[in-house]
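Welcome to this short tour. Take a moment to look over the chains before reading on, and keep the view open as you go.

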Amino acid sequence: MSDTDKQVLLEVKGLTMDFGGLRAVDSIDLSVSEGEIAALIGPNGAGKTTFFNCVTGIYTPTAGDILLHPKGKPTRRVNGSKPNKVTTLGMARTFQNIRLFPDMTVLENVMIGRHCRTRTGLTGAILRGAAARKEEQEIVEFSYCLLEKVGLDEFANEYSKNLPYGAQRRLEIARAMATEPFLLLLDEPAAGMNPQETTDLDALICRIRDEEQIAILLIEHDMKLVMNISDKIHVMEYGKKIATGTPNEIKDNPKVIEAYLGEEAEA
Amino acid sequence: MKNLKQSLAVSLWFIFLTFPLMVVKVNTSDKIVQWRWMNILWVGLAIFLLSFVWRHALARKEARQMAAQSGQDDLNKPTRIQAMLEDQKLRTRAMFALLIVALAFPWVFDTYQSTIMISALIYVVLGLGLNITVGLAGLLDLGYVAFFAVGAYSYALLNHHFGLGFWTVLPVGGILSCLFGVILGFPILRLRGDYLAIVTLGFGMIIKVVLENWSDFSFGPSGIANIDKPSLFGLKMDIAASTTYIYYIMIALVILTVIVTGRLKNSRIGRAWIALREDEIACVAMGIDMARTKLSAYALGAFWAGMVGVMFAAKTTFINPASFTFMESAIILSIVVLGGMGSILGVILGAMILILMPEYLRAFSEYRMIIFGAAMVLMMIFRPQGIISNVRQKYQFKGLKEKTENV
Amino acid sequence: MKGFNLLLAALVACVTLATPTLAADTIKLGVAGPHSGDLAPYGIPAMKAAQLVVKKINAKGGVLGKQVELLIQDDQCKPEIATNTATKLVTQGADVVLGHICSGATKAALGIYKDAKIPVMSPSATNPGLTQSGDYPNFYRTIASDDMQAKLAVDFAIDKLGAKKVAVLHDKGDYGKGFAEFAKKFVDESGKAEVVLFEGITPGAMDYSSIVQKIRRVKADILIFGGYHPEASKLVAQMKRKRMKTAFLSDDGVKDVSFIKVAGAAAEGAYMTGPRDLSTIPLNAAATAEFKAAYGEDPGAFFQEGYSAAMALLNAIEKAGSTDYAAVTKALQTQYVETPVGKIKFDGKGDAEGVGFSVYQVKGGQFAELK
Amino acid sequence: MEYFIELFLGGLTRGSIYALIALGYTMVYGIIQLINFAHGEIYMIGAFVAYIVCGVLTIYGFHGVSILIIAGLLAVVYSCAYGYTLEKVAYRPLRNAPRLSPLISAIGMSIFLQNYVLLAQTPDFLPFPALIPDFEFMEPIAHIIGSPELVILVTTLVTMIMLTLLIKYTKIGKAMRATQQDMSMARLVGINVDRVISTTFVIGSALAAIGGVLVASYIGQVNFYIGFLAGVKAFTAAVLGGIGSVPGAVLGGLVLGLTESFAAGYISSDYEDVFAFGLLVLILILRPAGILGRATKQKV
């Protein structure tokens, strides 16, 4: 797939993050284009999640630029922006160690995602005027539709903590989608899933890209999944990016094989 | 047999533990030592019996937890009360009955009972207010009484200096207290959990010290007396009538609070508060502005305390800094936690129990506080989710499928 | 179950209230004060005094041929609870009330008694405003007010001790700060001495070493302290430890046996004001003996005043011939009564005529009145 | 200058007591993230037991140093016993409960213990004998620093050194540090976490008891209510220094004591508490984890 005609959505240049003396992310360049599913892989501790955290505003990077190019809107540099700003701009994420709101229902979890796209304030909430009620109804319906898309509609009124593991991961995806992002960052979405669930996830991710026109950047260890769905793969090791390319190019890249040898053998 | 031995050991341990305090009493100036040997017997006996109950209760609790873990018994299964609450018809009926009882109360019971009830209702509103901050938004506040004081002093001072009436100051007190909440909230936004607790505790104490020392402003420790009671078209009311009147104002205020907090809880803002409590990082990553959400939780919690502070000043007609101690904050917090964090009905019940219990325990006035303390501990151990645990709203929805079918 | 019983009891009470009340067959004396919590030591002696008085009077046939019934209520010295307590006493039909103990609680409760036309007599609420403001015509007390006490203290410090530099401290409380402010005012007015330090200390603080150093630094001749004995003991003990010679003068809140017990040797030489010596009054000796016989220990704070207040109230009802508010008021203001604090009646504002203050000094572990 | 030194020493004395109590808070917090609100009551019980023992011994004719030693020892023993029981009864059943539950339980326990002592003994203030004699050699400077202050400072110093050695070099100390780092990991490597927690309570209680006896003897009185304010201040000190950090608690205690002393000495004791808490807010704004607390970056 050629990138030339597609708009670049996320552009990262020379991103560096230091923790004390440790350089967790070392001048990474990376970009994600419209309609793309990109994967970020690498051995444990390579700095992938730190990269995500920098990009989404949870950490403020030591150096580098993170540029967002929303469609039809001016480019924004989001280094050090608060996470909620980044999300509002149109980039949402999920977490490696699931971070749902356990004591809220499944539907409510998704409704939280609608927060930044709705506007009912205090007075609206207290008086419950027509506008507020309409908006609330829209939130509920929008969220429910998303649950249907990820196949969780039957659990809508369950507490999210009672969901099985795989379902929790899907719920996180639905919650992130509720913020209407143009780019979705998924941190190990298949972790802890059985093969059947992984296959379903595979399809889900493709559907999100095709039906919702959301580009995806994911961190994943399940190589089968990565190879199946990615348009482009970025490989990190020790904070540095060591390779970029299509799945086929990556598969044969000697550097990648070397980096992965121990890891693959273990797995 | 094993149990017997264990209980014996426990009671021996407690006899040892309580020996110096329970048995010995010295009077150093008269050089007399009083040995109260009988107390050993009582302590031993009581602990021996209690240890059986304790073990039994703990075992039951553990069994329940185990069952929940293995999935046989869902801990979140609605209890009977909760199931009843779900039933719309029953709920409306219950509410109606409750309203009738509440309205009839001052006519059935005497003035004293109404006064006590007013106190309890004041704490209901305080509990519901703090419930926003602690129960919903998860911001531990140990100095909540400061906002209560702001409200009370607003009314006392505005009434004293400018003769402003109760109805004028009621919203003013709420708003002033709200502002105070925002001012206080700003510097501590960055603090997490228990740091927040100690800082808010500090603020509570600072307020009291300032009220005590800044005599030109607050009249110092001697307080402000002769605060006007709420007026009703300038009618002059005797004590019974004015108590009844205040009682009804309080009922109205409670209903208002319940409606408002109930609506907030299931609104866009309320959900943001809960999300903030559940997971701060995920919450901001989902596009929620943390500073604004925290401040709104603080300010709204403070608002109710301010309103009801005005009420308190009007009811007591006298206030001084001694009414706004840490103990009050602790009691309000206990109301929220004992009642069930986040649950409106729970908080109401919690307030009723915690405030009415000491009043009716007057017969054992000496033992009142010790029972109170013990009850708090026991509640936490055997029912940590509170009397009534919070239940989230269930939604009715039309999904994609139905929609597409209709097309 | 308890709640149910209470409900039932309340219902029964309501029914009985609703039926036309029979002529009350007892005289009801309400007693309110702190009977639990940290301030209980100030409330319990007055309560016990009332019990003793009532027992004695009932044994002699009561008042106006009726038995006296005690209604005892705990207010914990908290204003908000005091209003509940007052309402309860009013509802229970108290004819007269002995209490409350703390000035703040008294102020909060008085409005309720005023509306219900019940005379109230406190053995201990010394806040000047209670009588002098004129807001509470139903209020009386068997103890002199703070300003009188402060005046006496300041005169003593300046005239007898020749103090030039006076340090004034208080415990930030209602009573202590009131006393201290009056003391400051009187020192300023006298023109013979100056106040070199006026500050509040935190009750319950671990120690007062910095404030004691400060007193030494300003070279005060005398420290006038407004507050209660626990803080006073800490202050004198630390002053002694710093080898200071500054005289210590305090108020009635300190003139408590606990002060001597707790401060021990450091209390020696300390001055304090307090109700004038009552040991020559036979009634007082009798009351104290009664207490000792009943409880096996020395009576605590405000026992005599409580005893006197109970006597004065019941005497006024006897003299008035009824429990009617106007009649009782008149009796209180016109009829002298012999009590452990002396032969007293009350002025139009409610202060007792015939009670006075003296200055005491701790000598050999005893309070010695300075004539 | 002399005035400054006096205030400094006074603040140091008060600060060491704060530090002794703060250690109990910080150690417990470090391990189970609980604000042990009842810790102040343990300190009070220590002082009370010492009072009772002293009273009995004096009446039965013991003298001087023997009283001090026996009373001090028994106070420590009983405080430890109370701390141990407290943890077992009020906190252990709540190990997996929501975060606020143990806190409420702690507040309840604090109320319970206060009223227990009130009922079992007396609401009055009681005279505590001056156990620490006035040393002859101190007499010339007694107006600057008295013998009791000296004893407090020395005892605190010795206690701190012993505690540091205990934590650094003993087996239980290492287990405590491991549990503080990661409780489930510590359990995996075979550390009896329950025992470590109990030990932490016992050590904290012992320190509080030492503080209680020293203070009671210094100011000469005990009462059931002395634990509350001391507890709040000590907790403030622990947070100030960085809760969870042992040297932080000591530093926080000293800083708080000195601040209070200087504020009362040079400005006014009217607002003593305002200065104390103002300092706390200021430091937390500048360093949200306290002076020596490590700002932990939350793992995402």
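Domain bounds here come from an automatic or database domain assignment. Please keep in mind that this is a predicted model.

**Two domains in chain A**

For chain A, the assignment gives domain 1, made of residues 1–90 + 182–267, and domain 2, made of residues 91–180. The C-alpha centres of these two domains of chain A are 25 Å apart. Where they meet, 24 residues of domain 1 of chain A are in contact with 15 residues of domain 2 of chain A. Which elements give two or more residues to the domain 1 side of that contact in chain A? They are α1 (48–55), α2 (83–89), β7 (183–187) and α7 (195–212) of chain A.

**Where chains B and D touch**

Now turn to the contact between chains B and D, which takes 43 residues from chain B and 50 residues from chain D. On the chain B side, at least two residues each are supplied by α1 (2–23), β1 (24–27), α8 (193–213), α14 and α16 (368–382) of chain B. The largest share of this side comes from α8(B), with 12 residues.

The table sets out the residue classes on two of the contact sides described so far.

| Side | Nonpolar | Polar | Charged |
|---|---|---|---|
| Domain 1 of chain A, touching domain 2 of chain A | 13 residues | 7 residues | 4 residues |
| Chain B, touching chain D | 33 residues | 5 residues | 5 residues |

**A helix in chain B**

Helix α15 of chain B covers residues 344–360. With 17 residues at 1.5 Å a residue, this helix should span 24 Å, and its end C-alpha atoms are indeed 24 Å apart, so the two values agree. Which residues of α15(B) are buried? They are Ile344(B), Gly346(B), Val347(B), Ile348(B), Leu349(B), Gly350(B), Ala351(B), Leu354(B) and Ile355(B). Among the elements that cover these buried residues of α15(B) are α5 (111–136), α10 (239–265) and α14 (326–339) of chain B.

**Chain C as a whole**

Chain C has 13 helices and 15 strands. Along the principal axes, its C-alpha atoms fill a box of roughly 70 × 45 × 40 Å. A compact globule of 371 residues would have a radius of gyration near 21 Å; chain C has 22 Å, which agrees. Of those 371 residues of chain C, 61% count as buried. Finally, consider the contacts in chain C with a separation of 6 or more: residues 24 or more positions apart account for 67% of them.

Definitions and conventions
Residues are numbered from 1 along each chain as its sequence is written. Chains are lettered from A and ligands numbered from 1 in the order in which they are written. This is a predicted model: local features need pLDDT of at least 70, side-chain atom pairs count only at pLDDT 80 or more; totals for chains, interfaces and linings use all residues. Two residues are in contact if their C-beta atoms, placed from the backbone, lie within 7 Å. Helices (H or I, at least four residues) and strands (E, at least two) are DSSP runs, numbered from the N terminus. Ala, Val, Leu, Ile, Met, Phe, Trp, Tyr, Cys and Pro count as nonpolar, Asp, Glu, Lys and Arg as charged, and the others, Gly among them, as polar. The expected span of a helix is 1.5 Å times one less than its number of residues. A residue is buried if 20 or more other C-beta atoms lie within 10 Å of its own, exposed if 12 or fewer, and partly exposed in between; C-beta atoms are placed from the backbone. The radius of gyration is taken over C-alpha atoms; the globule rule is 2.2 Å times the number of residues to the power 0.38.
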